[in-house]
Amino acid sequence: MDAGSSRIAVRVGPDDFDVGAEIAALQAGDPAVGAVASFVGYCRDEGGRLAALELEHYPGMAEAEIGRVAREAAGRWPLLAITVIHRAGRIRPGERIVLVAVSSSHRAAAFSACDYVMDFLKTRAPFWKKEHLAAGDEGGWVDAKAEDEARAGRWGDGKG
């Protein structure tokens, strides 16, 4: 499928989102939709150690990179629509951080594309995480994880 024929929506900001409404919008009465796959990421409390994560992003560049990753996914699989929402700002444990949702006529494409987008969102989108600890300490910036890079590496060159 041509990446240009997929509906792609990308939002970055401080506001929470309604997972059910976002998933329903991907189907939106389209009889071609046979599957919707989604991933919702939450802020963990790290065993009670974490009070909040502060997520910073490079405005404009973050949205552009997420859009690029979504278009790459749409070029690899026959997708109908992709929605990516990533929050920024201070997020407490239990709150949602990210939604990746994908619709397709077939489940395999939806599952694979959702996984692909999340892998590259973790490794390529310009976001930075700062920990705020429950003990009142600031904690510091979170380093990139080697396992995230390894997961992204399984897709090959990552350029669709």
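This passage walks through the sheet, the helices, the salt bridges and a surface patch of a predicted model.

The sheet is a convenient place to start. Four strands build an open sheet, arranged in the order β5-β3-β7-β8 with antiparallel pairing. At its edges lie β5 (89-91) and β8 (140-141), each of which pairs on one side only. Strands β3 (residues 50-57) and β7 (residues 127-133) are joined in the antiparallel sense over seven bridges. Two positions help to locate this pairing by eye: Ala-52 has His-132 of β7 as its bridge partner, and Glu-56 stands opposite Trp-128 in β7. As a general point, strands of a sheet pair through backbone hydrogen bonds, either parallel or antiparallel.

Strand β7 also pairs with β8, again in the antiparallel sense, over two bridges. Here Lys-130 is found opposite Trp-141 of β8. The two strands form a hairpin with six residues between them, and Gly-136 in the turn has a positive phi of about 95 degrees. Five of the seven residues of β7 are buried, so this strand is largely enclosed by the rest of the structure.

Turning to the helices, α3 covers residues 107-124, and its 18 residues should span 26 Å at 1.5 Å a residue; the end C-alpha atoms are 25 Å apart, which agrees with that expectation. The buried residues of α3 include Ala-109, Ala-113, Tyr-116, Asp-119, Phe-120 and Thr-123. The buried residues of this helix pack against β2 (35-42), α2, β4 (79-87), β6 (96-104), β7 and α4 (146-153). Within α4, Ala-152 offers a close look at the packing between helices. With a relative accessible area of 5%, Ala-152 is buried, and it touches Asp-119, Phe-120 and Thr-123. Ala-152 and Phe-120 are 32 residues apart along the chain, yet their C-alpha atoms are separated by 6.1 Å.

Charged side chains also connect these two helices. Asp-115 forms a salt bridge with Arg-151, with 2.8 Å between the closest N and O atoms. This pair links distant parts of the chain, as Asp-115 lies in helix α3 and Arg-151 in helix α4, 36 residues apart. Both partners are partly exposed, Asp-115 at 26% relative accessibility and Arg-151 at 38%. A further salt bridge joins Asp-148 to Lys-122, the closest N and O atoms being 3.7 Å apart. Because Asp-148 lies in helix α4 and Lys-122 in helix α3, the pair ties together parts that are 26 residues apart in sequence. Asp-148 is buried, with a relative accessible area of 17%, whereas Lys-122 is partly exposed at 38%.

In the whole structure, a search finds 14 salt bridges. Among them is the contact between the side chains of Arg-87 and Glu-95, at 4.0 Å from N to O. Arg-87 counts as buried at 7% relative accessibility, while Glu-95 is partly exposed at 23%. Glu-65, Arg-68, Glu-72 and Arg-124 are linked in a network of salt bridges.

At the surface, Tyr-58, Met-61, Trp-128 and Trp-141 make a nonpolar patch of about 460 Å². Met-61 belongs to helix α2 (residues 61-76) and is partly exposed, with a relative accessible area of 41%. In the loop between β3 and α2 lies Pro-59, which is exposed at a relative accessible area of 58%. Pro-59 and Val-36 are 23 residues apart in sequence, and their C-alpha atoms lie 28 Å apart in space.

Terms used:
Residues are numbered from 1 along each chain as its sequence is written. This is a predicted model: local features need pLDDT of at least 70, side-chain atom pairs count only at pLDDT 80 or more; totals for chains, interfaces and linings use all residues. Side-chain values use heavy atoms; hydrogens and water are left out. Patches are made of residues with over 30% relative accessible area and no salt bridge: like charges are joined within 9 Å, nonpolar side chains (Val, Leu, Ile, Met, Phe, Trp, Tyr) within 5 Å. Accessible areas come from the Shrake-Rupley method with a 1.4 Å probe; for residues, only the protein chains shown count as cover. Buried means under 20% relative accessible area, exposed over 50%, partly exposed in between (1.4 Å probe, protein chains only). Two strands pair if DSSP finds at least two bridges between them. The expected span of a helix is 1.5 Å times one less than its number of residues. Contact means heavy atoms within 4.5 Å. Lists of a residue's contacts leave out its neighbours within four places in sequence.
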